[in-house]
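Open the model in your viewer and switch on the cartoon display. Keep the selection box at hand for the stops below.

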Amino acid sequence: MKKTVSSLLAVIITLMMIMTSFPLAFATDSSGEEEVSDEIAHSHTLVEFRTEPTCLCDGILETRCTECGYSSFGVLPALGHSIVTIPGRAPTETESGLSDGEMCNNCGEIITAQVEIPATGGSEEDQEHQHEYEIFRTEPTCTEDGYITGRCSCGVETLEIIEALGHEIEIIPGREPTAEAPGLTEGERCAVCGIVLRAQQEIVLPDDGEDEHTHEYVTERMEPTCTEDGYVISRCSCGVETREIIEALGHEIEIIPGREPTAEAPGLTEGERCAVCGTVLRAQQEIVLPDDGEEEHTHEYVTERMEPTCTEDGFVISRCSCGVETREIIEALGHEIEIIPGREPTAEAPGLTDGERCAVCGTVLRAQQEIVLPDDGEEEHTHEYVTERMEPTCTEDGYVISRCSCGVETLE
């Protein structure tokens, strides 16, 4: 499925590149002979338009000149899954266990499902089990991670990620334009998978062979609405096009007057709508008098309460039979950190690093890592860390992960 989506996206990008370069193609005069459209050489003023990639789908990066309409397209490789471990549990004599599982920390997709491990049903000696793994390997590509999976007949499974190789950039040579044929700018593609990373653009000489050309624009204008941007597109007969975005106006708030209830007719609370497009932003609520017809009314609320969780807000809604309603937001509680104790490795069994989970909802916040002794069985071991660093952005935390070959990992 992932490969199908990526292939479809590549086809769409190719079509967009062909459509972009189409206005620069040769025109035919009344004599039937081909002539070259007018265009001047200039320094592009470039802006970027991005469609962000997801775990499975590539994104698009379009670079567009605001003056002449030149544009190029590139592929933003899919991010790939961010794998976290779902801790399993060992079987006992009377209760079954679970193997470790894996899920994506970004999109929540289960990568490796947990497998039930039958209860041992024997003595403590019978519970000892030596894993014998069958190995399955999927090679990485330029944009997708590969993996090595080991499966034991008891249900225990291991997974090792092989990072995507990344594109190998290859220059697509350009050519100079002549009076007989248009030229092409240089482009870029991947020498391994063939994906075009920077499309070539057609270069044509002006009709008279001179560099000077005065653009005569025909303008197309789309007015913005309350919620959608508008634009102004100016096109010249030589193929040059400029585009200016006009930001959405936003709603213009107008009060919808309410009315008091009477013995003859129910009332209405105030509401809100947009004075421009008429969209109702806050609906009116009906207010009715009690059955005895008295003007005075004391609200008797029936309350509906949704408790907040670690990650989602809760609320308290109070409704009166007359139609009046109040709503109060209860902020999310946040995770309550609990340490998952680790254990030291021995010659007989591997150890585990400390982990973290939420004491309330059970979400694993930092997975435990297996620690094994060196092959010589010595207890002493000096950690030699390989460091991976992710710089912080305006909205996301960065981190420094240090990993030792023995399985110990630190996160800062």
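The tour visits two groups of strands, one stop at a time.

This is a predicted model, in which local features need pLDDT of at least 70, side-chain atom pairs count only at pLDDT 80 or more, and totals for chains, interfaces and linings use all residues. Residues are numbered from 1 along each chain as its sequence is written, and side-chain values use heavy atoms, with hydrogens and water left out.

**Stop 1.** Select residues 146-152, which form strand β12. Strands here are DSSP runs (E, at least two residues), numbered from the N terminus. Is β12 mostly covered or mostly uncovered? Strand β12 is mostly covered, with 5 of its 7 residues buried (under 20% relative accessible area, 1.4 Å probe, protein chains only).

**Stop 2.** Add residues 133-138, strand β11, which runs antiparallel to β12 and is joined to it by 6 bridges. Two strands pair if DSSP finds at least two bridges between them. Look for Ile135, opposite Gly150 in β12.

**Stop 3.** Now add residues 157-162, strand β13. Strands β12 and β13 are antiparallel and joined by 6 bridges. Ile148 faces Glu160 of β13 across this pairing.

**Stop 4.** Clear the selection and pick β27 (301-306) and β29 (325-330), then β28 (residues 314-320). These form an open sheet of 3 strands in the order β27-β28-β29, with antiparallel pairing. Which are the edge strands? They are β27 and β29, since each pairs on one side only. The twist averages 15 degrees from one strand to the next, using lines fitted to C-alpha atoms and angles from 0 to 180 degrees between N-to-C directions.

**Stop 5.** Stay with β27 and β28, which 6 bridges join. Select Arg305 and, opposite in β28, Val316.

Methods
Helix = DSSP H or I, 4+ residues; strand = E, 2+ residues; numbered from the N terminus. Buried < 20%, exposed > 50% of the residue type's maximum accessible area, 1.4 Å probe, protein only.
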